[in-house]
Amino acid sequence: MKFQGGLLVTCTLLLLVECEPVDKPSKAVEKKVEKKTKKDVQRVVKPPRNQPKPAASKPKATTSPSSGGPEENILAQVLQRGQFKKVGETLTVPAGDVLELRCKGRSVRWRYPENLGEDEDGRLRIKHFERYSQLLMVNSTAADTGEYGCGSYLCDSPDCHGGEERMGKTFVFVTDPRELFVPTEDYYEVVQLRTNRPSLLPCQVTNPLAKVTLHREFPPEDVAVDGVHISFDVKKGFIIYRPQPSYAGSLYCLAELGGLRQISTKYMLLYVNFPSSAPKATIQSSVSSIRAGESFLVSCTVLGEPEISIEFTWEYPGQKIGRPPYVRESTNLVRRGGQMVQESESTLSVDGVRPVDEGTYSCSAQNLQGTTTVSTHVTVLPPAAAEATRRPVRTVQ
């Protein structure tokens, strides 16, 4: 019996051990596991030693037209209802087709070729809507070739002129198989070859695929286009970067495309030696004071570049009563500082001086670059005889 009782107690203890939940560890074990877990997490997150830390990610920079970044193209071509195409630098439209452009934004201002501004047939129509503006041109012709552009304000309020203005533009070629050049009413066009800036021969083509060359009328010869002294821009025409006297004369452009050859307007090129600055004038009077009844001269002189025309104008006290001016002008080449310069001079003569001739004498010298004004003052004294009569008379006793 004693053996059976001990066996019962042993079985009871075994049953208690087996009935205890196996997935619940003791507190000591739980703490040990928790510490180990935190250590493992730290080991994974912490970067290894001697390893450069990753650079902090920077926000992507946004560019705007005012910051010099790429501009948002607010100009689009309407191909058909609900279908749009962002325009590029150039756009080609066959003559007779409809050109419809849409500019996004408010308070839109349009730019287009000058001939459309004088259109009396109603071919150009512009409509403004809440968030965009529409330019519609019907029955397009070769003369409509040119730059089209718009400026608008992108904002939510109806009146947003104080906001940032965006611009959009494109060059439209209106191709016509019968017109390779943009038509003009002028048979001859005068172009000045100025030494201070490039000159343009504006023979614009209606098709960017046309081959264009430059020619002289008399004597008949081809003009070399080397891209350095002269180059061709399909949107503008021929550009002469360094005008020279040898380019002067009658020139024209010749366009060829698909077996068709056409000549442009004739351009009469006039060479102008343009001054580099306004004239530097000096003024000098033969006297600073003079007695009434005598005569004097006032000279205005300009030293400058040869072949530069100088125009002189005078202002003097005698103009108030209509005193006629006596002016003599001369131009000579003189040597100054080891080089030849042009001396232009204007001399004003004042004869039979009167009290009214007293005052300021001003000379204005003008060239194509500007005007310079210099002045001097002349005082008129009483005549010598009158002064003698006013002297006190000495009596001799």
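## Starting with a term

A polar contact is a pair of N or O atoms within 3.5 Å, where one must be able to donate a hydrogen and the other to accept it. Keep that cut-off in mind as we look at this predicted model.

## Asp-226 and its backbone partners

Let's put the term to use. The side chain of Asp-226 reaches the backbone nitrogen of Ile-230 at 3.3 Å, which counts as a polar contact because the cut-off is 3.5 Å. The backbone nitrogen of His-229 is another partner, lying 2.9 Å from a polar atom of the Asp-226 side chain.

Where does Asp-226 sit along the chain? You will find Asp-226 in the loop between S13 and strand S14 (230–233). With a relative accessibility of 44%, Asp-226 is partly exposed, because that class runs between the 20% limit for buried and the 50% limit for exposed.

## Glu-217, a buried charged residue

Now move to the loop between strand S12 (211–216) and strand S13 (221–222), where Glu-217 is found. Is Glu-217 buried or exposed? Its relative accessible area is 16%, so Glu-217 is buried, since the limit is under 20%. As a Glu, this residue belongs to the charged class.

What does the side chain of Glu-217 meet there? One polar contact, of 3.0 Å, goes to the side chain of Tyr-188. Another, also given as 3.0 Å, joins Glu-217 to the side chain of Lys-266. Leaving out residues up to four places away in sequence, Glu-217 touches Tyr-188, Ser-250, Tyr-252 and Lys-266.

## The largest pocket

Rolling a probe the size of a water molecule over the atoms shows where empty space is left. The largest pocket in this model holds about 560 Å³ of space. It is lined by 14 residues, and the closest to its centre are Glu-114, Asn-115, Ala-143, Val-182 and Pro-183. Helix H3 (114–117) and strand S8 (146–153) are the elements that each give two or more residues to this lining.

What kinds of residues line the largest pocket? By class, the lining has 5 nonpolar, 5 polar and 4 charged residues.

## The whole chain

Let's step back to the full picture. The chain has 4 helices and 26 strands. Of its 397 residues, 33% are buried. The accessible surface is about 26600 Å², and carbon and sulfur atoms account for 53% of that surface.

Finally, consider contacts with a separation of 6 or more: 66% of them are between residues 24 or more positions apart. Glu-217 and Lys-266, met above through their 3.0 Å polar contact, bring together side chains from two places in the chain.

How values were computed
Residues numbered from 1 in each chain as written. Predicted model: local features only at pLDDT ≥ 70, side-chain atom pairs only at ≥ 80, totals over all residues. Heavy atoms only, no water. 1 Å grid on protein atoms, 1.4 Å probe; cavity = no way out; pocket = protein on both sides within 12 Å on 5 of 7 lines; lining within 4 Å. Points joined across faces, edges and corners; volume = space filled by probe spheres on them. Buried < 20%, exposed > 50% of the residue type's maximum accessible area, 1.4 Å probe, protein only. Contact = heavy atoms within 4.5 Å. Areas by Shrake-Rupley, 256 points an atom, 1.4 Å probe, with all protein chains shown as cover.
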